[in-house]
Amino acid sequence: MSISNEDENDTPQDPVAGSLLDAAYDCIAAFGLRRITLTDVARQAGVSRPTVYRRWRDVNTLVADLLTREMHAALVTAAQQAGPAEGPGGVRERLVREASELLRALREHPLLTRILETEPEALVTYTFQRLGSSQRGALELLQPQITAGQADGTVRAGDPDALARMVMLQVQTTALSWRLVDDVLPLDRLTEELRRLLDSYLRPEEA
């Protein structure tokens, strides 16, 4: 459930790194994803270029870490909005709600929406080349839920990792491709169609 493919190294957890990511956010909003440079980020943050280079070797790794941060925030929001696993659908219904809430969070995210509307092709580097850290984080949330759903009988049998990756891929593809369907499927309807698709995919055959 992700729109990025990040570097193997996690963002350093320090206040300066957080400020630099905030500066990168502002630079992308102002200049676009393709035109951002580490020099721009340093200037925006009011620090020297070596301060940035000590933390990121190039602009791609910085942008990847920014997308990871924003994706994590979207995942947290989606999990909170999904609520508890209640009703006859149990874990499956909650997982489907969480996936649809994640789609909504991604579509309503100011920075990601700006990129998707103006430079969607620029995201290819971060979305389709390899499994990134935010995608791995999404899988770490999905896999235990699928296993729990299989245990309570609301999710069909199958390799939890394979099922989790298909769910993640569907949310990611839908989030990235919204412009292809927006004229007939505005966000509310698109979210509902995603819920139908995922519920059907995860539902046991006898359910």
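1. Before we start, one definition: two residues are in contact when heavy atoms of theirs lie within 4.5 Å. Keep that in mind when I say that one part of the chain covers another. Also keep in mind that this is a predicted model.

2. Let's take the overall picture. The chain has ten helices and zero strands, so reading from the N terminus you meet α-α-α-α-α-α-α-α-α-α. Of its 207 residues, 47% count as buried. The accessible surface comes to about 10100 Å², and carbon and sulfur atoms account for 51% of that. If you take the contacts between residues at least 6 apart in sequence, 74% of them join residues at least 24 apart.

3. Now have a look at the inside. The largest nonpolar core has 51 residues, and Ile28, Val41 and Leu102 are those with the most contacts inside it. Helices that each supply at least two of its residues include H1 (15-31), H2 (38-45), H4 (59-82), H5 (90-107) and H8 (133-151). Which helix gives the largest share? That is H4, with eight residues.

4. Pick out Ile28 and see what surrounds it. Setting aside residues up to four places away in sequence, Ile28 touches Leu33, Ile36, Val63, Leu66, Leu111, Arg114 and Ile115. Arg114 is a nice one to find on screen, as one of the residues that Ile28 touches.

5. Helix H2 is where the opening definition pays off. Its buried residues are Leu38, Asp40, Val41 and Ala42. What lies over them? The cover includes H1, helix H3 (49-53) and H4. Val41 turns up twice in this story: it is buried in H2, and it is also among the residues with the most contacts inside the largest nonpolar core. Just after H2, look for Gly46, which takes a positive phi of about 75°.

6. Two residues with polar side chains deserve a stop. Gln145 is found in helix H8. Is Gln145 buried or exposed? It counts as buried, because its relative accessibility is 15% and the cut-off for buried is under 20%. Its side chain joins that of Glu98 through a polar contact of 3.2 Å. Beyond residues up to four places away in sequence, Gln145 touches Val91, Arg94, Leu95 and Glu98.

7. The other one is Arg107, in helix H5. Arg107 counts as buried too, because its relative accessibility is 13%. Leaving aside neighbours within four places in sequence, Arg107 is in contact with Thr113, Ala175, Trp178, Asp182 and Leu187.

8. For contrast, go to Asp159, in the loop between H8 and H9. At 47% relative accessibility, Asp159 counts as partly exposed, because that label covers values between the 20% limit for buried and the 50% limit for exposed. The side chain of Asp159 reaches the backbone nitrogen of Asp161 at 3.0 Å. Thr147 is twelve residues from Asp159 along the chain, and the C-alpha atoms of the two are separated by 8.9 Å.

9. Last, the rings. How many aromatic pairs does a search of the whole structure find? Zero. A ring can still have a charge over it, though: Arg156 lies over the face of Tyr201, at 4.6 Å from the ring centre.

Key: Residues numbered from 1 in each chain as written. Predicted model: local features only at pLDDT ≥ 70, side-chain atom pairs only at ≥ 80, totals over all residues. Heavy atoms only, no water. Core = buried A, V, L, I, M, F, W, Y, C linked by side-chain atoms within 4.5 Å. Buried < 20%, exposed > 50% of the residue type's maximum accessible area, 1.4 Å probe, protein only. Helix = DSSP H or I, 4+ residues; strand = E, 2+ residues; numbered from the N terminus. Polar contact = N/O pair within 3.5 Å; in protein donor to acceptor, adjacent residues only side chain to side chain. Phe/Tyr/Trp six-rings, centres within 6.5 Å; stacked < 30°, edge-to-face > 60°. Lys NZ or Arg CZ within 6 Å of the ring centre and 35° of its normal. Areas by Shrake-Rupley, 256 points an atom, 1.4 Å probe, with all protein chains shown as cover.
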